Amino acid sequence: DLKIVVMSATLLGDVNTDSSAVDNKDESTGSKLLRVLGGAETCNLLQSEGRQFPITVKHATRSSPLHGALLADNKLLVRTMADAIEEGLLRAPSKGDVLAFLPGAKEIKRVVQELRSRRLSGNIEIFQMYGALPKEEQDRAIKKKDRSARRIIVSSPIAEASLTIEGVTCVVDSGFRREPRFSVSTGLPRLVTV
């Protein structure tokens, strides 16, 4: 027998298990998928409620340069993010870990280098995390070994929607992403920081 398991933490909307429902524009993605797979009569449906945590949004107390200035000057972006991460360490609830988001590996490596050069006080471990990093290094960033140490995890957006990292109580987001854009001059897509 062939069994197929379809799992997702991100299917939006409530699943309608009524197999007589007709395809309409208000039907959720989850309901459409269930219908395509044969309906509730032929598919077992398992739902698990996730945990939610209260979120408080706080902006950096230091004045930040404008978006365009950060895009134009990589050194300024690195300094600004390192400053914001240091501030996050001071403001993190329960003296928790800090997770910071940057658009790509180049920026991540530079911010990690800047943070290490600052010789932050206390027992602090600094990790980087991005898609091309070997799995063992990603696992070291995610799994906390020394409970007395605080972590700074500087990551690309791969961890933004797909992971919950235990111990993180502060998130610092650069606000930048890499998005594919079609280049008319080359006829190929390229990644652009926005």
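**Exercise 1. Determine whether Thr 80 is buried or exposed, and describe its surroundings**.

*Solution.* Step 1: Thr 80 has a relative accessible area of 17%, and is therefore buried (buried means under 20% relative accessible area, exposed over 50%, with a 1.4 Å probe and protein chains only). The model is predicted, and local features need pLDDT of at least 70, side-chain atom pairs pLDDT 80 or more, while totals for chains, interfaces and linings use all residues. Residues are numbered from 1 along each chain as its sequence is written, and side-chain values use heavy atoms, without hydrogens and water.

Step 2: Thr 80 belongs to helix α3, residues 74–91 (helices are DSSP runs of H or I of at least four residues, strands runs of E of at least two, numbered from the N terminus).

Step 3: Its side chain reaches the backbone oxygen of Leu 76 at 2.7 Å.

Step 4: Apart from neighbours within four places in sequence, Thr 80 is in contact with Ser 64, Pro 65 and Leu 70 (heavy atoms within 4.5 Å).

**Exercise 2. Identify which residues of helix α1 are buried, and state how they are arranged**.

*Solution.* Step 1: In α1, residues 29–36, the buried residues are Gly 30, Ser 31 and Leu 34.

Step 2: Viewed down the axis of α1, these buried residues fall within an arc of 100°, so they line one face of the helix (the arc is that of the directions from the helix axis to the C-beta atoms).

Step 3: As general background, an α-helix has 3.6 residues a turn, so residues three or four places apart point the same way.

Step 4: After α1 comes Gly 38, with a positive phi near 115°.

Methods. Polar contact = N/O pair within 3.5 Å; in protein donor to acceptor, adjacent residues only side chain to side chain.
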